[in-house]
Amino acid sequence: MPASDSMPGAGTPWVLVIGLDPYRVPGPWDPEPVARAIAQGMQRFADAQVSATSCLFGLDGSDDIDEVVVEALDSRSWAVVVIGGGVRTAEDPLLFERIVNHVHRHAPEAAIAFNSSPADTFEAAARWLPC
């Protein structure tokens, strides 16, 4: 599971960001701008001293998506799980539904948030973080 971690404080709530690995999404497109935006979005967690990690998976057949997501969800207790826009708009109409159900089963105490782009991932999570 490719991951990007931001771990500023031991006592801070944890956020899991689930999304697509832009380098493993088929199609003729440039993944670099999206990868940069994801990195910048994750940096915002570190800047705010909120612990966060990303769970990115490919749509190129190289991942067992359910296994990758469940492993991430089971790795710790999460305060918030953010599900990225790419997951919600993927060609597989059941992908989003499967991810939501995995969160419901494996992180039932976590709030679920949705971003509209990698740039607003922190804001999506912050709406649900405990004060």
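**Helix α4**

I started on the outward side of α4, where H104 and R105 are exposed. Worth noting up front: this is a predicted model.

Next I looked up what sits on the other side from those two. The buried residues of α4 turn out to be L95, I99, H102 and V103. I then looked down the helix axis: these buried residues fall within an arc of 100°, so they line one face of α4.

What do the buried residues of α4 pack against? I found the strands β2 (14-20), β3 (51-57), β4 (80-83) and β5 (111-114) on the list, along with the helices α2 (65-74) and α3 (85-89).

I also ran a quick length check on α4, which covers residues 95-106. Its 12 residues, at 1.5 Å a residue, should span 16 Å, and the end C-alpha atoms are 16 Å apart, so that agrees.

**Aromatic rings**

I moved on to the rings and got 3 aromatic pairs in the structure. The one I followed up is F45 with F122: ring centres 5.2 Å apart, planes at 75°. Over 60 degrees counts as edge-to-face, so that is what this pair is.

Where do the two partners lie? I traced F45 to helix α1 (residues 32-47) and F122 to helix α5 (residues 121-126), so the pair ties together parts that are 77 residues apart in sequence.

Buried or exposed, I wondered, for F45? F45 is buried, at a relative accessible area of 0%. I checked F122 as well, and F122 is buried, at 15%; the cut-off for buried is under 20%.

**A charge over a ring**

Last entry: I looked at W14 and found R76 lying over its face, 3.7 Å from the ring centre.

Technical notes
Residues are numbered from 1 along each chain as its sequence is written. This is a predicted model: local features need pLDDT of at least 70, side-chain atom pairs count only at pLDDT 80 or more; totals for chains, interfaces and linings use all residues. Side-chain values use heavy atoms; hydrogens and water are left out. Rings of Phe, Tyr and Trp (its six-membered ring) pair if their centres lie within 6.5 Å; planes under 30 degrees apart count as stacked, over 60 as edge-to-face and the rest as tilted. Helices (H or I, at least four residues) and strands (E, at least two) are DSSP runs, numbered from the N terminus. Buried means under 20% relative accessible area, exposed over 50%, partly exposed in between (1.4 Å probe, protein chains only). A charge sits over a ring if NZ of Lys or CZ of Arg is within 6 Å of the ring centre and within 35 degrees of the ring normal. The expected span of a helix is 1.5 Å times one less than its number of residues. The arc is that of the directions from the helix axis to the C-beta atoms. Contact means heavy atoms within 4.5 Å.
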